[in-house]
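User: I would like a close look at one part of this model, the salt bridges, with enough of the overall fold to place them. Please keep it plain.

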Amino acid sequence: MFKPTLFQALPMSLGLGLLSVACSSTSSTVNTSAPVSAYDMAVQSGEAYTLTVLRAGDSMSLPKGAELSELTHAHQNFLESMFDESFLLTSGPLVAPRSETNLRGLFFMDAADPSAAQARTCEDPATKSGIFQMESMPFATRFDLRALPPIERGFRMQRGSDDVVARPYVIAMIPTSVAANVIFEQLGETAIFYGDVLGGSFKDQSICVLDCTTIGDAQAALAGVTSMVEEFTFHPWVSTTSVAELN
């Protein structure tokens, strides 16, 4: 059974194992006033999702003892329920070395409207503690992220266990452009999935989940197809082995 530390744990639900997220955080709004926006096109084609970023909150104190145990258990049960409903598609902690020191994890949610993802996650009994802050952003990708929960369930059935098997990946981020998509396409199966963030603090960024275990591996893979490696930001990410099956 996979038993990482508290802030690196992956609960049974593909969850982050992070203690909580903060409802005081915001979801980004999407400007749909344009006749045909990128967001409109993503929604119409079924390619609109929500990317939720977890950051460390302002509080420096953590619950202890029985309170911590109860809060962690409630949080994990909540994430499991979102996974059971296929609302939570995949997730995992962002680990060191972090490009931003307060980054803690990523959720990919089956919600075209980021406010729906924000509202749902704020039902988490552990959310109210404010230890983490959450930002939900519109994310568009041509990859079928909705296939991930069935893939994970199939893996669990084969293993005869709901225990999560996790592995490292690397998320590469670069300003959105035609060139960025060409680069990701040239990576072939190394690029598991990629897409564009259409709002929030990551607006106009393209992100790609790479089938790499270290930043060095990711840089080497990109160096084979582009001279723009220094323009990328890299985020080590841990999630389930089933993520790699998407490509």
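Among contacts in the chain between residues at least 6 apart in sequence, what percentage join residues at least 24 apart? After that, please go through the salt bridges around Glu152 and Asp211.

Analyst: The model is a predicted one. In this chain, 78% of the contacts between residues at least 6 apart in sequence join residues at least 24 apart. The chain has six helices and eight strands, and from the N terminus their order is α-β-α-β-β-α-β-α-β-α-β-β-α-β. Of its 247 residues, 50% are buried. About 10,800 Å² is exposed, with carbon and sulfur atoms supplying 53% of that area.

Now the salt bridges, of which the count is ten. Glu152 pairs with Arg156, and their closest N and O atoms are 3.2 Å apart. Both residues belong to helix 4 (residues 148-159); because they are four residues apart there, about one helical turn separates them. Glu152 and Arg156 are both buried. Glu152 also forms a salt bridge with Arg159, at 3.8 Å from N to O. The two ends of this second pair can be set side by side: Glu152 has 1% relative accessibility and so counts as buried, while Arg159, with a relative accessible area of 33%, is partly exposed.

Asp211 makes a salt bridge with Arg167, the closest N and O atoms lying 2.8 Å apart. Asp211 sits in the loop between strand 7 (205-210) and helix 6 (215-223), and Arg167 in strand 5, so this bridge ties together parts that are 44 residues apart in sequence. Asp211 is partly exposed, at 33% relative accessibility. Arg167 has a relative accessible area of 19%, and because the cut-off for buried is under 20%, Arg167 counts as buried. Returning to Glu152, salt bridges with shared partners join Glu80, Glu152, Arg156, Arg159 and Asp162 into one network.

Strand 5 leads on to the nonpolar packing. The largest nonpolar core has 43 residues, and Leu51, Leu145, Phe193 and Trp237 touch the most other members. Strand 5 (residues 166-175) gives this core its largest share, six residues. A further core of twelve residues lies apart from it, with Phe78, Phe87, Leu88 and Ala117 among its members. Leu51 illustrates the packing in the largest core: beyond its neighbours within four places in sequence, its contacts include Leu106, Phe107, Phe108, Met137, Phe139, Val197, Phe202 and Ile207. Glu135 and Ser136 are also in contact with Leu51.

How values were computed
Residues are numbered from 1 along each chain as its sequence is written. This is a predicted model: local features need pLDDT of at least 70, side-chain atom pairs count only at pLDDT 80 or more; totals for chains, interfaces and linings use all residues. Side-chain values use heavy atoms; hydrogens and water are left out. A nonpolar core is a set of buried Ala, Val, Leu, Ile, Met, Phe, Trp, Tyr and Cys residues joined through side-chain atoms within 4.5 Å. Buried means under 20% relative accessible area, exposed over 50%, partly exposed in between (1.4 Å probe, protein chains only). Helices (H or I, at least four residues) and strands (E, at least two) are DSSP runs, numbered from the N terminus. Contact means heavy atoms within 4.5 Å. Accessible areas come from the Shrake-Rupley method with a 1.4 Å probe; for residues, only the protein chains shown count as cover. A salt bridge is a side-chain nitrogen of Lys or Arg within 4 Å of a carboxyl oxygen of Asp or Glu.
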